[in-house]
Amino acid sequence: MQRIFAGCIILLIWNSQQARAGDASNSEPARYLGVCDAEEGAYLQLNGTQTCLKISGSVTYDAGAGDDVYTGDPFHGLDPTSGAAVDIATISQTDLGTLKTLISLDLAEPVDDSGGVTLSEAAIELGGLLVGASSSQFDVWLNSAGNVLSDDVVAYGPSFTHLISYTTAFENGLSAMIGVEQGEMRDDADFVIRKGVPHSVAGLRLEADQAEIATVIGYDPISEELAAKVRLDVEVNDVFSAFVMAGYRSGGGDPGYFGAWEGRYAAWGGFSLNVTEKVIFNSQAAYTDTGKYTVAASVDFALLPALLITSELAFTSFSTSTDERDHALGG
């Protein structure tokens, strides 16, 4: 998902004992916190500690028209929604390696007694060990799908779960991951492991100068299914990049925990084109062997450094659906 606004709150320390009202000569200017040298972006060092803090977030406003390309239901006019997100991240260096924490909160408007604040991530990472609640590694390891808004009309994996995983990096751009997950509730399906063997997942990734290939495999003990995906990313230059991803699951019935798509086989592909410094064109197509397919194209316009406007047109064919509507077109 793309965020329209992103910012970083700069914390100030003010010496109130020396800042006296009406006496500018006795006041001391506010002091900014130190800036941390972190690869993840602009962090601020908390005064007197080795902990670096970043608070960021987004506010989004969506307006949909036409059909809902996920369900095929018509919007019956303009369908506006608003939301927000807040991320709080810390980094500190310890004798055991880099310690990171991340809290992500999603704030949605009340709709039909739903909405409110939702925890989307609460995780602790020490070195390569990740513990907490977050998106499934079956999704994150392959960077989800494309850059369009409706990138998961053909679902590519689980979303939120409790997990424990470990990632290690080798030489020559090779890295590996292994983990276990509790599972999630999805629609009317219960994939939560409450006792017994948890869901297991593993992945490999090989990075080169302009290309990256990665694969992930997961076993779902509830559905007793294996699911796997492989993805290739190519960055031709600073202007053009593309990806293709394929998925397989051993079960042919209802979607499982890892194999969240319909049917046995699924495929996703798309590209991004930097038209100008402020305009990016994105596209994606996806298909399952049940006959369902979807295509989407979007244009990102960075009106301001912290204000992104996205317009998108998407089409879905529900060729095997028993519903009255066999296709949907929305924007």
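**Close-up 1. What lines the second largest pocket, by class.** In this predicted model, the lining splits into nine nonpolar, nine polar and seven charged residues. The space inside the second largest pocket comes to about 360 Å³. Of its 25 lining residues, the ones closest to the centre are D233, V234, E235, S241 and A242. Four elements each put two or more residues into this lining: β16 (211-220), β17 (225-235), β18 (240-249) and β19.

**Close-up 2. G270, a buried glycine in β19.** Look for G270 in strand β19, which covers residues 265-274. Its relative accessibility is 12%, so G270 counts as buried; the cut-off for that label is under 20%. Once you set aside neighbours within four places in sequence, G270 is in contact with A242, F243, S283 and Q284. One of those partners, A242, also turns up among the residues closest to the centre of the second largest pocket. V244 is worth picking out here too: G270 and V244 sit 26 residues apart along the chain, yet their C-alpha atoms are separated by 6.7 Å.

**Close-up 3. E212 and its surroundings in β16.** E212 belongs to strand β16, one of the elements that give two or more residues to the lining of the second largest pocket. This glutamate has a relative accessible area of 18%, so E212 is buried, given that the limit is under 20%. Its side chain makes a polar contact with the side chain of R205, at 3.4 Å. Leaving out residues up to four places away in sequence, E212 touches N143, R205, L206, E207, R231, L232 and D233. So R205 shows up on both counts, as a touching residue and as the polar partner.

**Close-up 4. The β19–β20 hairpin.** Here β19 runs into β20 through a hairpin of four residues. The two strands, with β20 covering residues 279-288, pair in the antiparallel sense over nine bridges. To get your bearings, find S272, whose bridge partner in β20 is N282.

**Close-up 5. On to β21 through another hairpin.** Strand β20 also pairs with β21 (residues 293-304), in the antiparallel sense and over nine bridges. A286 and T294 make a handy landmark, as A286 stands opposite T294 in β21. Four residues lie between β20 and β21 in this hairpin. In the turn, keep an eye on G291, which has a positive phi of about 105 degrees.

Key
Residues numbered from 1 in each chain as written. Predicted model: local features only at pLDDT ≥ 70, side-chain atom pairs only at ≥ 80, totals over all residues. Heavy atoms only, no water. Buried < 20%, exposed > 50% of the residue type's maximum accessible area, 1.4 Å probe, protein only. Contact = heavy atoms within 4.5 Å. 1 Å grid on protein atoms, 1.4 Å probe; cavity = no way out; pocket = protein on both sides within 12 Å on 5 of 7 lines; lining within 4 Å. Points joined across faces, edges and corners; volume = space filled by probe spheres on them. Nonpolar A, V, L, I, M, F, W, Y, C, P; charged D, E, K, R; others polar. Polar contact = N/O pair within 3.5 Å; in protein donor to acceptor, adjacent residues only side chain to side chain. Pairing = 2+ DSSP bridges.
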